[in-house]
Amino acid sequence: MKREPDRTMLLFSAVGLASSLLLSFAEVKPNRILSGTRLSSMAYFGAGAGLLFLLWAAFVLLSFYKESPSKHRIAMVLSSALTVALIILTGLSATTQVAGGSSSARVSLQSGIYVS
């Protein structure tokens, strides 16, 4: 008997992983008026991007496991860890990006954060 992957989980985890790799995560602006530099997840999060990639990759792998209560518990823990990691990394990275700049420097979130 061939085992089918959980198509919904596979789709959403693949979209999350792709958004982490391809979309811009933040735009660092010198002030409110001028446009800034858009940064990918690797440029914005630095080494922390590896943690996000690992969590998304774990979701992709989890979609191939058979249905069980433990699979749902693992998915719940992974989604919680991904959400907490994304919030913490976003705050730390924003502080790092505007450090040493003017007091009017801003970091705007881009589509990569919302899709993730």
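Hi everyone, let's start on the outside of helix H1: the face turned away from its buried side carries the exposed residues Arg7, Leu21 and Leu22. Please keep in mind that this is a predicted model.

So what is on the buried side? In H1, the buried residues are Met9, Ser13, Gly16, Ser19 and Ser20. They cover an arc of only 125° around the axis, so they sit on the same side of H1. Their packing partners are strand S1 (24-29) and four helices, H2 (41-45), H3 (48-62), H4 (69-98) and H5 (111-115).

How does the length of H1 check out? With 16 residues at 1.5 Å each, H1 should span 22 Å, and its end C-alpha atoms are indeed 22 Å apart.

Back to the surface for a moment. Leu11, Phe12, Val15, Leu21, Leu22, Leu23 and Val115 make up a nonpolar patch there, with about 680 Å² of accessible area together. Helix H1, residues 7-22, supplies the largest share of that patch, five residues. One of the patch members is Phe12, which lies in H1. Why call Phe12 exposed? Because its relative accessible area is 56%, and the cut-off for exposed is over 50%.

Now over to H4. Its 30 residues should span 44 Å at 1.5 Å a residue, and the end C-alpha atoms are 44 Å apart, so that agrees too. The buried residues of H4 include Ala75, Leu78, Leu82, Leu86 and Leu89. H4's buried residues pack against H1, S1, H2, H3, strand S3 (106-109) and H5. Finally, just after H4, Gly100 takes a positive phi of about 85°. Thanks, everyone!

Technical notes: Residues numbered from 1 in each chain as written. Predicted model: local features only at pLDDT ≥ 70, side-chain atom pairs only at ≥ 80, totals over all residues. Heavy atoms only, no water. Patch = residues over 30% accessible without salt bridge, like charges linked within 9 Å, V, L, I, M, F, W, Y side chains within 5 Å. Areas by Shrake-Rupley, 256 points an atom, 1.4 Å probe, with all protein chains shown as cover. Salt bridge = Lys/Arg side-chain N within 4 Å of Asp/Glu carboxyl O. Helix = DSSP H or I, 4+ residues; strand = E, 2+ residues; numbered from the N terminus. Buried < 20%, exposed > 50% of the residue type's maximum accessible area, 1.4 Å probe, protein only. Expected span 1.5 Å × (residues − 1). Arc of directions from axis to C-beta. Contact = heavy atoms within 4.5 Å.
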